[in-house]
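Here is a short report on a ligand site and on charged pairs. Please look over the sequence and the model first.

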Amino acid sequence: MMLKGTYPLQRFEGLQTPFYYYDTRLLQDTLDAIKAELRDRPSWRMHYAVKANHNPVLLRQIAAAGFGADCVSGGEVQTALDAGFRASDIVFAGVGKADWEIDLGLEKGIGRFNVESSAELRVIAQLAAEKGVVAPVSLRVNPDIGAHTLAGITTGLAENKFGIYHGMVDDVAREALSLPSIRFCGLHFHIGSQILEMPDFAALCNRINELTDRLEKEGIPVSDINVGGGLGIEYEHPNHFPIADFAAYFGTYKRGLRGSRPVHFELGRAIIAPCGTLITRVLYVKEGLAKRFAIVDAGMNDLVRPAMYHAVHRIENLSSDGPELPYDVVGPCCESSDVFGKDVLLNECHRGDIIAIRSAGAYGQSMASQYNCRPLAPAYYSE
Ligand code: LLP
C-alpha cells in the first residue's frame with residue numbers, strides 16, 4: 001500500500017489543472033528548522049537562492065522570516081527587492097552580469113557582488129567609480145571539487161564555467177584590493193546542486209581553509225565566506241523526509257570550517273522543493289505494445305527536470321485506491337522527452353484522476369516555459 005501525501009482533494013476537484021500547490025506551513029517549518037540550526041552562530045546568514053522559485057508569495061514569506069536573497073540576474077534582484085528583501089541582504093552572482101544589472105545592484109546598494117572573473121571586476125570598478133560609490137565584492141572561486149550529483153548540475157570543477165580557478169584567485173584578490181571603488185570582502189564558492197553526501201561539503205571546507213590560510217599569509221584579508229548552496233532532498237521519499245537534513249548539513253560546516261568568520265549560505269532546493277507539488281489530471285490512459293501510458297495535462301513546460309536531467313520525482317494518484325500498476329507518466333508536449341516517470345507504480349488510473357508530482361517547489365515554476373503555446377500554470381497555497 002502506497003503512502004501518499006495529504007492534500008485537499010475536494011478543493012482540487014474544482015480547480016483547472018495543471019497548477020502548482022504550495023504547502024506554506026511546511027515552508028514555515030523548514031525556515032524555522034534552519035533558524036534553529038543557526039541559532040548558535042549569530043554571524044552566519046542564509047540567503048535563499050531565488051532561482052529555485054521566484055514566486056512572490058513564497059518570496060515574501062521567506063523575506064519575512066529574516067532570510068537574505070541570492071540572485072543571479074537583475075530581474076531576480078528587482079524581484080527580491082519587490083518581495084521585501086533588504087538590499088543589503090542581497091548577494092548577486094553570475095558569470096555574465098550585464099552593465100545594466102551591475103548598475104541596478106550599485107544603485108540599490110546590494111550587499112555583495114560575487115565576481116567571477118577579473119574582466120568583470122574591472123567593469124564593476126569602473127561603473128562604481130562613475131557613480132562615486134564603492135562596490136562590496138567577493139570573489140567566486142572555482143574550487144575544482146567534484147560533487148556526487150547529476151552531471152548537468154555540478155559547478156565546482158575546473159572544466160565548469162563558474163568562478164576563478166583557485167590557483168589564480170590571489171592575483172585577482174590583489175587587484176581587487178588595489179581598486180579604490182572596490183571593497184574586497186571575501187570568497188564565494190558553490191560546488192553543485194542536489195548533493196546528499198556530506199563528505200562533499202567537508203571537502204569544500206578543507207579547500208576553503210587551505211585557501212584562506214594561504215591568502216592571509218600573503219597579507220590578503222578574507223573577512224567572510226559564502227559557501228553557496230547545494231543541499232539535496234529525498235525526491236523518492238517526500239512523505240518520510242519532508243524537511244532536509246539541516247542538522248547534518250550545518251554540522252558539517254560547523255566542524256569543517258576553521259576561524260570565526262561570518263559564513264553565508266545560499267540554499268534553494270532544500271528550502272523550497274518539498275513544499276511544492278505539481279497537480280495534474282489524467283487525460284487518457286493508453287495501452288501500448290509494451291507500455292501503459294498515463295497521459296496527463298501537465299507537461300515538460302511546467303516541470304522540466306525529468307526531461308532535462310532525468311531527475312526522479314515521486315508521483316501519486318490521489319483519486320484512486322485501485323491496484324498498483326506500472327505506468328509511463330507522460331505530458332502532452334510534442335517531444336518524446338516529455339516524460340515525468342517511466343514504469344511508475346500508481347493506483348489504477350482513470351480519466352480525470354488527480355495526480356501529484358511531488359517535490360516540485362524548486363526549479364519547477366521558475367523554469368516553466370510556454371513551449372507549444374501552453375499557458376503558464378497558476379499557483380495555489382495551503383493557507
Ligand atoms: N548558489 C549558486 C551560486 C548556485 O549556482 C546555485 C544553483 C545555488 C546557490 C542554489 O543551489 P541549490 O541549493 O538549489 O542546490 N535547475 C537545476 C539546478 C540548478 C542549480 C543552479 N545553481 C535542477 O533543477 O536540479
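## Charged pairs and the ligand site

Asp70 is buried, at 2% relative accessibility. This is a predicted model. The partner of Asp70 is Lys51: their side chains form a salt bridge, 3.3 Å from N to O. Lys51 sits in the loop between strand E2 (45–49) and helix H3 (56–64), and Asp70 in strand E3 (residues 68–71), so the pair ties together parts that are 19 residues apart in sequence. Lys51 itself is partly exposed, with a relative accessible area of 29%.

A second pair joins Asp328 and Lys291. Their closest N and O atoms are 3.3 Å apart. This bridge links distant parts of the chain, 37 residues apart. Asp328 belongs to strand E14 (residues 324–330), while Lys291 lies in the loop between strand E11 (276–287) and strand E12 (292–296). Is Asp328 buried or exposed? Asp328 counts as buried, at 4% relative accessibility. Lys291 is partly exposed, with a relative accessible area of 27%.

Arg86 and Asp89 form another salt bridge, at 3.1 Å from N to O. Here Arg86 is exposed, at 56% relative accessibility. Asp89 is buried, with a relative accessible area of 11%.

Side chains of opposite charge can pair when their charged atoms come close. How many salt bridges does the structure hold? The count is 26. Some residues join in a network of salt bridges: Asp170, Asp171, Arg174, Arg214 and Glu218 are linked in this way.

Now the ligand. There are 18 residues around the ligand. Which of them come nearest? They are Ser193, Glu266, Arg305, Tyr309 and Tyr363. By type, the shell divides into 6 nonpolar, 6 polar and 6 charged residues.

Three polar contacts to the ligand are listed here.

| Residue | Protein atom | Ligand atom | Distance |
|---|---|---|---|
| Tyr363 | side-chain N or O | oxygen | 2.6 Å |
| Tyr309 | polar side-chain atom | nitrogen | 2.8 Å |
| Gly268 | backbone N or O | oxygen | 2.9 Å |

Tyr363 and Tyr309 are both among the residues that come nearest to the ligand. Tyr363 uses its side chain to meet a ligand oxygen. Tyr309 also offers a side-chain atom, but to a ligand nitrogen. Gly268 makes its contact through the backbone. How much of the ligand's accessible area does the protein cover? On its own, the ligand has 590 Å² of accessible area, and the protein covers 92% of it.

Definitions and conventions. Residues numbered from 1 in each chain as written. Predicted model: local features only at pLDDT ≥ 70, side-chain atom pairs only at ≥ 80, totals over all residues. Heavy atoms only, no water. Near = heavy atom within 4 Å. Polar contact = N/O pair within 3.5 Å; in protein donor to acceptor, adjacent residues only side chain to side chain. Areas by Shrake-Rupley, 256 points an atom, 1.4 Å probe, with all protein chains shown as cover. Nonpolar A, V, L, I, M, F, W, Y, C, P; charged D, E, K, R; others polar. Salt bridge = Lys/Arg side-chain N within 4 Å of Asp/Glu carboxyl O. Helix = DSSP H or I, 4+ residues; strand = E, 2+ residues; numbered from the N terminus. Buried < 20%, exposed > 50% of the residue type's maximum accessible area, 1.4 Å probe, protein only.
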